[in-house]
Amino acid sequence: MKRLLWRVDEMAKMPNMEDMPIGFVISKAGSTCKIKTASWRTFKPIIDYNKCTDCSWCWVYCPEPAIEVRTDFKKGKYVINYDYCKGCGICAEECPIKAITMVKEEI
Amino acid sequence: MKVIQKNRLALSGNEAVAYAVKQAKVDVTAVYPITPSTAVSEKISEYVAKGELDGELLLVESEHSALSACIGAAAVGARVFTVTCSQGLLLMHEILYIASALRVPVVMAVANRSISAPLNIWCDHSDAMDQRDTNWIMIFVLSVQEVYDRMIQAFRIAEDFRVRLPIMVNYDGFTLSHTYSPVDVLSDEEVSPFLPRREPPFKLDPKNPITLGAVGNPDYYMEAKVQASKALTDSLLVIDEVDKEFEKKFGRSYGIYRKFMMEDAEIAIVGMGSAMGTAKEAVRRLRKEGKKVGALILNIYRPFAYEMLAKELKDLKALGVMERALSPGGVSSPLMSDLLSTLYLNSINIPTMNFIAGLGGRDITIDDFRKMFSELELLEKGKSKRPYLTYVGLRSEEREMVL
Ligand code: SF4
Ligand code: SF4
(Lines give C-alpha, C1' and ligand atoms only; values in the text may rest on other atoms or scores of the structure.)
(Ligands and ions follow the chains in the order given, each with its own letter.)
Protein backbone atom coordinates (compact mmCIF):
# COMPACT_ATOMS: atom_id res chain seq x y z
CA MET A 1 0.00 0.00 0.00
CA LYS A 2 1.08 3.51 -0.81
CA ARG A 3 2.52 5.42 2.14
CA LEU A 4 0.12 8.13 3.21
CA LEU A 5 2.24 10.27 5.47
CA TRP A 6 5.55 12.02 4.88
CA ARG A 7 7.64 14.51 6.77
CA VAL A 8 8.17 18.05 5.52
CA ASP A 9 11.87 17.52 4.82
CA GLU A 10 11.09 14.35 2.90
CA MET A 11 8.53 16.21 0.83
CA ALA A 12 11.12 18.63 -0.49
CA LYS A 13 12.60 15.78 -2.44
CA MET A 14 9.24 14.66 -3.84
CA PRO A 15 8.00 16.74 -6.67
CA ASN A 16 5.20 14.46 -7.86
CA MET A 17 1.70 14.93 -6.54
CA GLU A 18 1.08 11.19 -6.51
CA ASP A 19 3.68 10.79 -3.80
CA MET A 20 2.41 13.62 -1.68
CA PRO A 21 0.25 12.79 1.36
CA ILE A 22 -3.45 13.11 0.73
CA GLY A 23 -4.91 16.21 2.31
CA PHE A 24 -1.39 17.69 2.49
CA VAL A 25 -0.95 16.19 5.95
CA ILE A 26 2.34 16.63 7.78
CA SER A 27 2.84 13.49 9.79
CA LYS A 28 5.51 14.54 12.23
CA ALA A 29 5.03 17.05 15.01
CA GLY A 30 7.53 19.87 15.35
CA SER A 31 8.77 19.61 11.77
CA THR A 32 8.41 23.38 11.38
CA CYS A 33 11.47 23.75 13.66
CA LYS A 34 13.51 22.61 10.68
CA ILE A 35 12.55 25.72 8.79
CA LYS A 36 14.17 28.99 9.82
CA THR A 37 11.73 31.84 9.42
CA ALA A 38 13.77 34.93 10.23
CA SER A 39 15.08 35.84 6.76
CA TRP A 40 12.55 38.64 6.28
CA ARG A 41 13.71 40.57 9.36
CA THR A 42 14.79 44.19 8.74
CA PHE A 43 15.41 45.28 12.32
CA LYS A 44 16.97 43.07 14.94
CA PRO A 45 16.11 43.43 18.63
CA ILE A 46 19.16 43.53 20.90
CA ILE A 47 18.72 43.13 24.65
CA ASP A 48 21.05 45.16 26.82
CA TYR A 49 21.58 42.76 29.69
CA ASN A 50 23.15 45.51 31.78
CA LYS A 51 19.70 47.09 31.93
CA CYS A 52 17.46 43.99 31.75
CA THR A 53 15.70 43.08 35.00
CA ASP A 54 14.38 39.65 33.88
CA CYS A 55 10.84 40.93 34.22
CA SER A 56 9.58 38.58 31.44
CA TRP A 57 7.46 41.20 29.62
CA CYS A 58 9.21 40.68 26.27
CA TRP A 59 8.68 36.92 26.56
CA VAL A 60 4.99 37.48 27.28
CA TYR A 61 4.48 39.79 24.31
CA CYS A 62 6.59 38.16 21.59
CA PRO A 63 4.03 36.88 19.08
CA GLU A 64 6.25 34.20 17.51
CA PRO A 65 7.28 33.26 20.27
CA ALA A 66 10.97 33.74 19.55
CA ILE A 67 12.11 34.55 23.06
CA GLU A 68 13.34 31.62 25.09
CA VAL A 69 13.55 31.22 28.85
CA ARG A 70 16.94 30.04 30.06
CA THR A 71 17.28 28.25 33.36
CA ASP A 72 21.09 28.05 33.17
CA PHE A 73 21.54 31.72 32.44
CA LYS A 74 24.64 33.72 33.01
CA LYS A 75 23.84 37.05 31.41
CA GLY A 76 20.05 36.99 31.17
CA LYS A 77 17.04 34.77 31.66
CA TYR A 78 15.30 35.87 28.46
CA VAL A 79 17.19 35.26 25.20
CA ILE A 80 16.04 35.98 21.66
CA ASN A 81 16.24 33.14 19.15
CA TYR A 82 17.25 34.91 15.95
CA ASP A 83 16.29 31.91 13.81
CA TYR A 84 12.64 32.78 14.39
CA CYS A 85 12.54 36.44 15.46
CA LYS A 86 10.79 38.35 12.65
CA GLY A 87 11.87 41.77 13.87
CA CYS A 88 8.40 43.10 14.63
CA GLY A 89 9.71 45.25 17.48
CA ILE A 90 6.92 44.44 19.90
CA CYS A 91 9.40 43.36 22.59
CA ALA A 92 11.28 46.65 22.29
CA GLU A 93 8.02 48.58 22.49
CA GLU A 94 6.80 46.67 25.54
CA CYS A 95 10.03 46.46 27.57
CA PRO A 96 9.24 48.69 30.60
CA ILE A 97 12.80 49.94 31.01
CA LYS A 98 13.65 50.17 27.29
CA ALA A 99 16.41 47.57 27.50
CA ILE A 100 15.76 46.44 23.91
CA THR A 101 16.91 48.40 20.87
CA MET A 102 16.04 47.67 17.25
CA VAL A 103 19.18 47.65 15.11
CA LYS A 104 19.13 47.61 11.31
CA GLU A 105 20.01 44.12 10.03
CA GLU A 106 23.40 43.84 8.28
CA ILE A 107 23.36 41.67 5.19
CA MET B 1 -35.17 -3.88 -10.60
CA LYS B 2 -36.39 -6.12 -7.82
CA VAL B 3 -38.15 -4.43 -4.95
CA ILE B 4 -37.59 -5.75 -1.49
CA GLN B 5 -40.46 -4.55 0.64
CA LYS B 6 -39.27 -4.76 4.17
CA ASN B 7 -40.09 -1.53 5.80
CA ARG B 8 -42.09 1.10 3.99
CA LEU B 9 -42.52 4.46 5.67
CA ALA B 10 -44.19 7.71 4.64
CA LEU B 11 -41.36 10.24 4.80
CA SER B 12 -40.72 13.74 3.55
CA GLY B 13 -37.36 14.34 1.89
CA ASN B 14 -36.12 16.04 5.04
CA GLU B 15 -37.25 13.14 7.21
CA ALA B 16 -35.66 10.65 4.84
CA VAL B 17 -32.34 12.47 5.20
CA ALA B 18 -32.62 12.50 9.00
CA TYR B 19 -33.58 8.81 9.03
CA ALA B 20 -30.50 7.94 7.00
CA VAL B 21 -28.33 10.02 9.35
CA LYS B 22 -29.73 8.14 12.33
CA GLN B 23 -29.07 4.77 10.70
CA ALA B 24 -25.56 5.81 9.69
CA LYS B 25 -24.95 6.44 13.42
CA VAL B 26 -23.45 9.85 12.74
CA ASP B 27 -21.21 10.97 15.59
CA VAL B 28 -21.38 14.71 15.09
CA THR B 29 -24.09 16.78 13.42
CA ALA B 30 -23.43 20.52 13.31
CA VAL B 31 -26.26 22.66 11.98
CA TYR B 32 -27.68 26.11 11.58
CA PRO B 33 -31.32 26.14 10.45
CA ILE B 34 -32.50 27.45 7.09
CA THR B 35 -35.72 26.90 5.16
CA PRO B 36 -36.45 24.43 3.59
CA SER B 37 -33.83 22.19 5.18
CA THR B 38 -34.59 22.98 8.85
CA ALA B 39 -36.79 19.92 9.44
CA VAL B 40 -33.73 17.69 9.03
CA SER B 41 -32.01 19.18 12.07
CA GLU B 42 -35.29 19.20 14.03
CA LYS B 43 -35.73 15.50 13.39
CA ILE B 44 -32.12 14.75 14.30
CA SER B 45 -32.46 16.70 17.54
CA GLU B 46 -35.52 14.56 18.29
CA TYR B 47 -33.52 11.38 17.66
CA VAL B 48 -30.72 12.60 19.91
CA ALA B 49 -33.15 13.67 22.67
CA LYS B 50 -34.88 10.29 22.59
CA GLY B 51 -31.57 8.48 22.66
CA GLU B 52 -32.18 6.90 19.26
CA LEU B 53 -29.03 8.51 17.91
CA ASP B 54 -26.00 8.35 20.13
CA GLY B 55 -24.29 11.38 18.68
CA GLU B 56 -23.46 15.00 19.33
CA LEU B 57 -25.75 17.67 17.93
CA LEU B 58 -23.98 21.03 17.75
CA LEU B 59 -26.21 24.06 17.33
CA VAL B 60 -23.74 26.64 16.11
CA GLU B 61 -24.02 30.34 15.31
CA SER B 62 -23.79 30.16 11.53
CA GLU B 63 -23.44 27.80 8.59
CA HIS B 64 -19.81 28.86 8.32
CA SER B 65 -19.29 27.42 11.80
CA ALA B 66 -21.46 24.38 11.10
CA LEU B 67 -19.19 23.18 8.33
CA SER B 68 -16.07 24.21 10.25
CA ALA B 69 -17.22 22.10 13.21
CA CYS B 70 -17.84 19.18 10.85
CA ILE B 71 -14.32 19.46 9.46
CA GLY B 72 -12.84 19.48 12.97
CA ALA B 73 -14.89 16.47 14.04
CA ALA B 74 -14.13 14.57 10.84
CA ALA B 75 -10.44 15.32 11.32
CA VAL B 76 -10.44 13.37 14.60
CA GLY B 77 -12.13 10.47 12.85
CA ALA B 78 -15.81 11.09 13.61
CA ARG B 79 -18.60 10.44 11.10
CA VAL B 80 -20.14 13.85 10.48
CA PHE B 81 -23.15 15.43 8.84
CA THR B 82 -24.57 18.86 8.16
CA VAL B 83 -27.50 20.21 6.19
CA THR B 84 -28.22 23.59 4.63
CA CYS B 85 -29.18 25.37 1.40
CA SER B 86 -29.30 28.74 -0.34
CA GLN B 87 -27.73 31.61 1.64
CA GLY B 88 -26.53 29.10 4.22
CA LEU B 89 -24.61 27.18 1.61
CA LEU B 90 -23.18 30.44 0.28
CA LEU B 91 -22.01 31.39 3.76
CA MET B 92 -20.22 28.02 3.92
CA HIS B 93 -18.58 28.60 0.56
CA GLU B 94 -14.97 29.23 1.61
CA ILE B 95 -15.10 26.33 4.07
CA LEU B 96 -16.27 23.97 1.33
CA TYR B 97 -12.89 24.32 -0.38
CA ILE B 98 -11.13 23.61 2.91
CA ALA B 99 -13.15 20.45 3.57
CA SER B 100 -12.26 18.98 0.19
CA ALA B 101 -8.62 20.08 0.30
CA LEU B 102 -8.12 18.56 3.75
CA ARG B 103 -9.79 15.42 2.39
CA VAL B 104 -12.24 14.99 5.25
CA PRO B 105 -15.33 12.87 4.51
CA VAL B 106 -18.11 15.35 5.37
CA VAL B 107 -21.60 14.41 4.21
CA MET B 108 -23.92 17.33 3.60
CA ALA B 109 -27.53 17.38 2.44
CA VAL B 110 -28.64 20.44 0.48
CA ALA B 111 -32.36 21.15 0.06
CA ASN B 112 -31.78 23.24 -3.06
CA ARG B 113 -33.19 26.74 -2.87
CA SER B 114 -32.74 29.92 -4.86
CA ILE B 115 -30.47 32.79 -3.85
CA SER B 116 -31.49 36.29 -2.73
CA ALA B 117 -32.31 38.95 -3.90
CA PRO B 118 -35.20 39.08 -4.33
CA LEU B 119 -35.75 36.96 -1.27
CA ASN B 120 -37.17 33.63 -2.33
CA ILE B 121 -37.34 30.38 -0.41
CA TRP B 122 -38.29 28.06 -3.27
CA CYS B 123 -36.35 25.62 -5.35
CA ASP B 124 -33.75 26.10 -8.00
CA HIS B 125 -30.17 24.92 -8.35
CA SER B 126 -28.34 28.25 -8.07
CA ASP B 127 -27.05 27.44 -4.60
CA ALA B 128 -25.46 24.15 -5.67
CA MET B 129 -24.06 25.55 -8.92
CA ASP B 130 -22.29 28.23 -6.92
CA GLN B 131 -20.29 25.39 -5.30
CA ARG B 132 -19.40 23.42 -8.39
CA ASP B 133 -15.67 24.20 -8.28
CA THR B 134 -15.25 23.43 -4.58
CA ASN B 135 -14.00 19.90 -5.29
CA TRP B 136 -17.01 18.20 -3.67
CA ILE B 137 -18.83 15.19 -5.02
CA MET B 138 -22.23 16.53 -6.09
CA ILE B 139 -25.21 14.20 -6.29
CA PHE B 140 -28.64 15.29 -7.51
CA VAL B 141 -31.73 13.19 -6.87
CA LEU B 142 -35.16 12.84 -8.37
CA SER B 143 -37.25 11.33 -5.58
CA VAL B 144 -37.51 11.00 -1.81
CA GLN B 145 -36.56 7.33 -2.06
CA GLU B 146 -33.46 8.36 -3.95
CA VAL B 147 -32.39 10.96 -1.41
CA TYR B 148 -32.62 8.32 1.34
CA ASP B 149 -30.61 5.77 -0.66
CA ARG B 150 -28.01 8.29 -1.77
CA MET B 151 -27.56 9.52 1.78
CA ILE B 152 -26.69 5.99 2.91
CA GLN B 153 -24.34 5.59 -0.06
CA ALA B 154 -22.77 9.00 0.59
CA PHE B 155 -21.14 7.97 3.88
CA ARG B 156 -19.67 4.90 2.25
CA ILE B 157 -18.30 6.82 -0.74
CA ALA B 158 -16.90 9.74 1.26
CA GLU B 159 -15.09 7.50 3.74
CA ASP B 160 -13.60 5.22 1.08
CA PHE B 161 -9.80 5.51 1.24
CA ARG B 162 -9.66 5.93 -2.52
CA VAL B 163 -11.98 8.94 -2.26
CA ARG B 164 -11.76 10.77 1.09
CA LEU B 165 -13.78 13.70 -0.23
CA PRO B 166 -16.84 15.53 1.06
CA ILE B 167 -20.19 14.83 -0.59
CA MET B 168 -23.17 17.07 -1.23
CA VAL B 169 -26.51 15.30 -1.69
CA ASN B 170 -28.79 17.77 -3.47
CA TYR B 171 -32.55 17.32 -3.19
CA ASP B 172 -34.98 19.94 -4.43
CA GLY B 173 -36.32 22.29 -1.76
CA PHE B 174 -40.04 21.77 -1.02
CA THR B 175 -40.60 19.60 -4.10
CA LEU B 176 -38.67 16.85 -2.34
CA SER B 177 -37.83 18.26 1.08
CA HIS B 178 -41.47 18.70 2.11
CA THR B 179 -43.28 16.13 -0.04
CA TYR B 180 -44.24 12.92 1.70
CA SER B 181 -43.61 9.76 -0.29
CA PRO B 182 -43.55 6.08 0.50
CA VAL B 183 -39.92 5.18 1.19
CA ASP B 184 -38.54 1.65 1.48
CA VAL B 185 -36.09 2.04 4.30
CA LEU B 186 -33.39 -0.45 5.19
CA SER B 187 -33.19 -2.05 8.59
CA ASP B 188 -30.44 -0.94 10.97
CA GLU B 189 -28.96 -4.43 10.64
CA GLU B 190 -28.62 -3.88 6.90
CA VAL B 191 -27.13 -0.40 7.16
CA SER B 192 -24.44 -1.19 9.77
CA PRO B 193 -22.40 -3.67 7.68
CA PHE B 194 -22.83 -1.45 4.61
CA LEU B 195 -21.25 1.44 6.51
CA PRO B 196 -18.40 -0.18 8.45
CA ARG B 197 -16.29 1.89 10.83
CA ARG B 198 -12.69 2.06 9.74
CA GLU B 199 -9.66 3.74 11.17
CA PRO B 200 -9.06 6.78 8.91
CA PRO B 201 -5.74 7.04 7.03
CA PHE B 202 -4.86 10.06 9.17
CA LYS B 203 -6.51 11.81 12.08
CA LEU B 204 -5.83 14.44 14.68
CA ASP B 205 -4.72 12.69 17.85
CA PRO B 206 -2.82 14.35 20.73
CA LYS B 207 -0.86 11.14 21.31
CA ASN B 208 0.31 11.06 17.73
CA PRO B 209 0.42 14.65 16.51
CA ILE B 210 0.13 15.58 12.83
CA THR B 211 -0.47 18.88 11.05
CA LEU B 212 -3.64 19.23 9.03
CA GLY B 213 -4.06 22.47 7.13
CA ALA B 214 -0.42 23.46 6.76
CA VAL B 215 0.67 26.31 4.52
CA GLY B 216 1.17 25.22 0.92
CA ASN B 217 3.91 27.32 -0.56
CA PRO B 218 4.13 27.85 -4.32
CA ASP B 219 6.29 24.74 -4.58
CA TYR B 220 3.52 22.52 -3.16
CA TYR B 221 0.19 24.30 -3.64
CA MET B 222 -0.34 23.25 -7.24
CA GLU B 223 0.33 19.57 -6.54
CA ALA B 224 -2.00 19.64 -3.53
CA LYS B 225 -4.86 21.17 -5.52
CA VAL B 226 -4.47 18.99 -8.60
CA GLN B 227 -4.16 15.91 -6.42
CA ALA B 228 -7.55 16.64 -4.83
CA SER B 229 -9.08 17.44 -8.20
CA LYS B 230 -7.79 14.16 -9.61
CA ALA B 231 -9.24 12.31 -6.63
CA LEU B 232 -12.62 13.82 -7.47
CA THR B 233 -12.39 12.70 -11.10
CA ASP B 234 -11.34 9.22 -10.00
CA SER B 235 -14.14 8.95 -7.45
CA LEU B 236 -16.57 8.21 -10.29
CA LEU B 237 -15.43 4.61 -10.16
CA VAL B 238 -16.13 4.29 -6.43
CA ILE B 239 -19.49 6.06 -6.73
CA ASP B 240 -20.50 3.51 -9.36
CA GLU B 241 -19.09 0.61 -7.39
CA VAL B 242 -20.98 1.57 -4.21
CA ASP B 243 -24.18 2.06 -6.20
CA LYS B 244 -23.81 -1.41 -7.73
CA GLU B 245 -23.15 -3.01 -4.35
CA PHE B 246 -26.19 -1.20 -3.00
CA GLU B 247 -28.27 -2.70 -5.79
CA LYS B 248 -26.92 -6.17 -5.16
CA LYS B 249 -27.73 -5.96 -1.48
CA PHE B 250 -30.91 -3.89 -1.42
CA GLY B 251 -32.31 -4.02 -4.96
CA ARG B 252 -32.12 -0.34 -5.88
CA SER B 253 -29.60 1.66 -7.88
CA TYR B 254 -29.45 4.91 -9.81
CA GLY B 255 -26.23 5.06 -11.75
CA ILE B 256 -24.15 8.05 -12.75
CA TYR B 257 -27.13 9.03 -14.93
CA ARG B 258 -30.21 7.23 -16.03
CA LYS B 259 -31.80 7.06 -19.41
CA PHE B 260 -35.47 7.24 -20.12
CA MET B 261 -36.59 6.00 -23.55
CA MET B 262 -33.19 6.94 -24.96
CA GLU B 263 -32.65 3.74 -27.02
CA ASP B 264 -33.77 5.08 -30.39
CA ALA B 265 -34.32 8.68 -29.35
CA GLU B 266 -33.48 11.40 -31.87
CA ILE B 267 -34.22 14.31 -29.60
CA ALA B 268 -33.41 14.35 -25.91
CA ILE B 269 -33.37 16.63 -22.93
CA VAL B 270 -30.73 16.37 -20.23
CA GLY B 271 -31.37 17.74 -16.77
CA MET B 272 -31.07 17.20 -13.05
CA GLY B 273 -33.39 17.10 -10.06
CA SER B 274 -37.08 16.46 -9.50
CA ALA B 275 -38.22 18.34 -12.62
CA MET B 276 -36.81 15.47 -14.65
CA GLY B 277 -39.69 13.37 -13.29
CA THR B 278 -41.96 15.72 -15.21
CA ALA B 279 -39.69 15.38 -18.24
CA LYS B 280 -40.20 11.62 -18.11
CA GLU B 281 -43.97 12.03 -18.19
CA ALA B 282 -43.69 14.42 -21.14
CA VAL B 283 -41.50 11.89 -22.96
CA ARG B 284 -43.98 9.11 -22.23
CA ARG B 285 -46.82 11.15 -23.73
CA LEU B 286 -44.83 12.28 -26.75
CA ARG B 287 -43.78 8.70 -27.43
CA LYS B 288 -47.47 7.76 -27.59
CA GLU B 289 -47.76 10.38 -30.30
CA GLY B 290 -44.96 8.64 -32.17
CA LYS B 291 -42.18 11.13 -31.45
CA LYS B 292 -38.72 9.72 -30.96
CA VAL B 293 -37.84 11.60 -27.80
CA GLY B 294 -35.98 10.71 -24.63
CA ALA B 295 -34.67 12.09 -21.36
CA LEU B 296 -31.34 11.70 -19.65
CA ILE B 297 -31.33 12.32 -15.93
CA LEU B 298 -27.90 13.24 -14.62
CA ASN B 299 -27.45 12.03 -11.04
CA ILE B 300 -23.78 12.77 -10.49
CA TYR B 301 -22.82 16.29 -11.52
CA ARG B 302 -19.31 16.30 -10.01
CA PRO B 303 -17.32 14.35 -10.99
CA PHE B 304 -18.69 14.97 -14.47
CA ALA B 305 -18.89 11.73 -16.46
CA TYR B 306 -18.00 13.37 -19.77
CA GLU B 307 -16.71 10.25 -21.50
CA MET B 308 -19.82 8.24 -20.72
CA LEU B 309 -22.11 11.12 -21.62
CA ALA B 310 -20.44 11.66 -24.98
CA LYS B 311 -21.25 8.07 -25.91
CA GLU B 312 -24.88 8.47 -24.88
CA LEU B 313 -25.43 11.71 -26.74
CA LYS B 314 -23.43 11.24 -29.94
CA ASP B 315 -26.25 9.83 -32.09
CA LEU B 316 -28.87 12.42 -31.20
CA LYS B 317 -30.20 14.81 -33.82
CA ALA B 318 -30.93 17.57 -31.34
CA LEU B 319 -30.09 18.05 -27.68
CA GLY B 320 -31.74 20.25 -25.10
CA VAL B 321 -30.40 21.00 -21.64
CA MET B 322 -32.87 22.09 -19.02
CA GLU B 323 -31.35 23.83 -16.05
CA ARG B 324 -32.65 25.59 -12.96
CA ALA B 325 -29.73 27.99 -12.70
CA LEU B 326 -28.22 30.94 -14.53
CA SER B 327 -24.69 31.85 -15.37
CA PRO B 328 -25.22 35.58 -15.80
CA GLY B 329 -23.17 37.08 -18.57
CA GLY B 330 -21.85 33.68 -19.55
CA VAL B 331 -22.27 31.51 -22.61
CA SER B 332 -24.76 29.08 -21.11
CA SER B 333 -25.94 27.54 -17.84
CA PRO B 334 -23.33 25.54 -15.87
CA LEU B 335 -24.47 22.04 -16.92
CA MET B 336 -24.78 23.18 -20.52
CA SER B 337 -21.21 24.50 -20.48
CA ASP B 338 -19.97 21.12 -19.30
CA LEU B 339 -21.95 19.34 -21.99
CA LEU B 340 -20.83 21.70 -24.73
CA SER B 341 -17.19 21.03 -23.83
CA THR B 342 -17.96 17.31 -23.86
CA LEU B 343 -19.52 17.47 -27.30
CA TYR B 344 -16.78 19.63 -28.77
CA LEU B 345 -13.95 17.48 -27.42
CA ASN B 346 -15.58 14.41 -28.93
CA SER B 347 -16.24 16.16 -32.27
CA ILE B 348 -19.98 15.67 -31.83
CA ASN B 349 -21.70 18.38 -33.76
CA ILE B 350 -25.39 18.31 -32.94
CA PRO B 351 -27.73 21.26 -32.65
CA THR B 352 -28.19 22.18 -29.00
CA MET B 353 -30.39 24.47 -27.00
CA ASN B 354 -30.13 25.65 -23.42
CA PHE B 355 -33.44 25.98 -21.58
CA ILE B 356 -33.45 27.97 -18.37
CA ALA B 357 -36.51 27.04 -16.35
CA GLY B 358 -38.03 26.97 -12.90
CA LEU B 359 -35.95 29.66 -11.24
CA GLY B 360 -37.09 30.56 -7.73
CA GLY B 361 -39.51 27.66 -7.55
CA ARG B 362 -41.54 28.40 -10.68
CA ASP B 363 -43.32 25.25 -11.78
CA ILE B 364 -41.93 23.33 -14.72
CA THR B 365 -44.93 21.61 -16.24
CA ILE B 366 -45.39 18.75 -18.68
CA ASP B 367 -46.52 21.38 -21.13
CA ASP B 368 -43.24 23.25 -20.67
CA PHE B 369 -41.32 20.12 -21.62
CA ARG B 370 -43.61 19.62 -24.63
CA LYS B 371 -42.67 23.13 -25.75
CA MET B 372 -39.00 22.38 -25.27
CA PHE B 373 -39.27 19.21 -27.32
CA SER B 374 -41.16 20.89 -30.16
CA GLU B 375 -38.57 23.67 -30.24
CA LEU B 376 -35.86 21.02 -30.48
CA GLU B 377 -37.79 19.44 -33.34
CA LEU B 378 -37.67 22.77 -35.17
CA LEU B 379 -34.00 23.10 -34.30
CA GLU B 380 -33.28 19.70 -35.80
CA LYS B 381 -34.95 20.79 -39.03
CA GLY B 382 -33.04 24.05 -38.95
CA LYS B 383 -36.22 26.03 -38.51
CA SER B 384 -35.87 27.32 -34.97
CA LYS B 385 -35.79 31.09 -34.77
CA ARG B 386 -34.93 31.20 -31.10
CA PRO B 387 -31.51 31.99 -29.71
CA TYR B 388 -29.50 29.19 -28.27
CA LEU B 389 -30.19 30.38 -24.71
CA THR B 390 -33.94 30.30 -24.16
CA TYR B 391 -36.04 31.00 -21.08
CA VAL B 392 -39.06 28.88 -20.30
CA GLY B 393 -42.08 30.91 -19.18
CA LEU B 394 -40.23 34.23 -18.88
CA ARG B 395 -42.34 37.36 -19.32
CA SER B 396 -40.51 39.54 -21.77
CA GLU B 397 -41.03 41.72 -24.81
CA GLU B 398 -38.26 39.83 -26.54
CA ARG B 399 -40.61 37.06 -27.58
CA GLU B 400 -38.02 35.06 -29.54
CA MET B 401 -35.98 34.19 -26.46
CA VAL B 402 -39.02 33.03 -24.51
CA LEU B 403 -40.59 29.63 -24.73
S1 SF4 C 1 11.22 41.60 17.51
FE2 SF4 C 1 9.21 40.61 17.57
S3 SF4 C 1 9.64 38.53 17.01
FE4 SF4 C 1 11.61 39.39 17.52
S5 SF4 C 1 11.87 38.88 19.66
FE6 SF4 C 1 10.95 40.90 19.59
S7 SF4 C 1 8.75 40.52 19.76
FE8 SF4 C 1 9.71 38.56 19.20
S1 SF4 D 1 11.00 43.12 28.92
FE2 SF4 D 1 12.95 44.19 28.99
S3 SF4 D 1 13.52 44.07 31.13
FE4 SF4 D 1 11.89 42.59 30.86
S5 SF4 D 1 12.93 40.67 30.47
FE6 SF4 D 1 12.54 41.59 28.48
S7 SF4 D 1 14.35 42.78 27.98
FE8 SF4 D 1 14.44 42.30 30.17
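Of the 13 residues around ligand 2, which come nearest? In this predicted model, they are Cys52(A), Cys55(A), Ser56(A), Cys58(A) and Cys95(A).

**Ligand surroundings**

The shell around ligand 2 comprises 10 nonpolar residues, two polar residues and one charged residue. Ligand 1 is likewise surrounded by residues of chain A, among them Cys62(A), Cys85(A), Cys88(A) and Cys91(A). Pro45(A), Pro63(A), Ile67(A) and Ile80(A) also belong to the surroundings of ligand 1, as do Gly87(A) and Gly89(A). Glu64(A) and Lys86(A) are further members of that group. The composition of the two shells by class is set out below.

| Shell | Nonpolar | Polar | Charged |
|---|---|---|---|
| Ligand 1 | eight residues | two residues | two residues |
| Ligand 2 | 10 residues | two residues | one residue |

**Interface between chains A and B**

Contact between the chains involves 17 residues of chain A and 19 residues of chain B. The area buried between chain A and chain B is about 1,600 Å², and carbon and sulfur atoms give 70% of this area. On the side of chain A, Met17(A), Ile22(A) and Phe24(A) supply 39% of the area that the chain buries against chain B, more than any other three residues. The count of salt bridges between chain A and chain B is zero.

**Salt bridges**

Over all chains, a search of the whole structure finds 31 salt bridges. One of chain B joins the side chains of Asp27(B) and Arg197(B), with an N to O distance of 2.8 Å. This pair links distant parts of the chain, the two residues being 170 residues apart. Asp27(B) lies in the loop between α1 (13-23) and β2 (28-31), whereas Arg197(B) lies in the loop between α7 (188-194) and α8 (218-250) of chain B. Side chains of opposite charge can pair when their charged atoms come close.

**The sheet of chain B**

Chain B contains an open sheet of seven strands with mixed pairing, in the order β3-β2-β4-β5-β7-β6-β12. Its edge strands are β3 (56-59) and β12 (300-302), each of which pairs on one side only. From one strand to the next, the twist averages 20°. Strands of a sheet pair through backbone hydrogen bonds, either parallel or antiparallel. Within this sheet, β6 (residues 137-140) and β7 (residues 167-172) of chain B pair in the parallel sense over four bridges. Ile139(B) stands opposite Val169(B), a residue in β7(B).

Terms used. Residues numbered from 1 in each chain as written. Chains lettered and ligands numbered in written order. Predicted model: local features only at pLDDT ≥ 70, side-chain atom pairs only at ≥ 80, totals over all residues. Heavy atoms only, no water. Pairing = 2+ DSSP bridges. Axes fitted to C-alpha atoms, helices over the stretch in contact; angles between N-to-C directions. Near = heavy atom within 4 Å. Nonpolar A, V, L, I, M, F, W, Y, C, P; charged D, E, K, R; others polar. Contact = heavy atoms within 4.5 Å. Buried area = accessible area lost by both parts, 1.4 Å probe. Salt bridge = Lys/Arg side-chain N within 4 Å of Asp/Glu carboxyl O.
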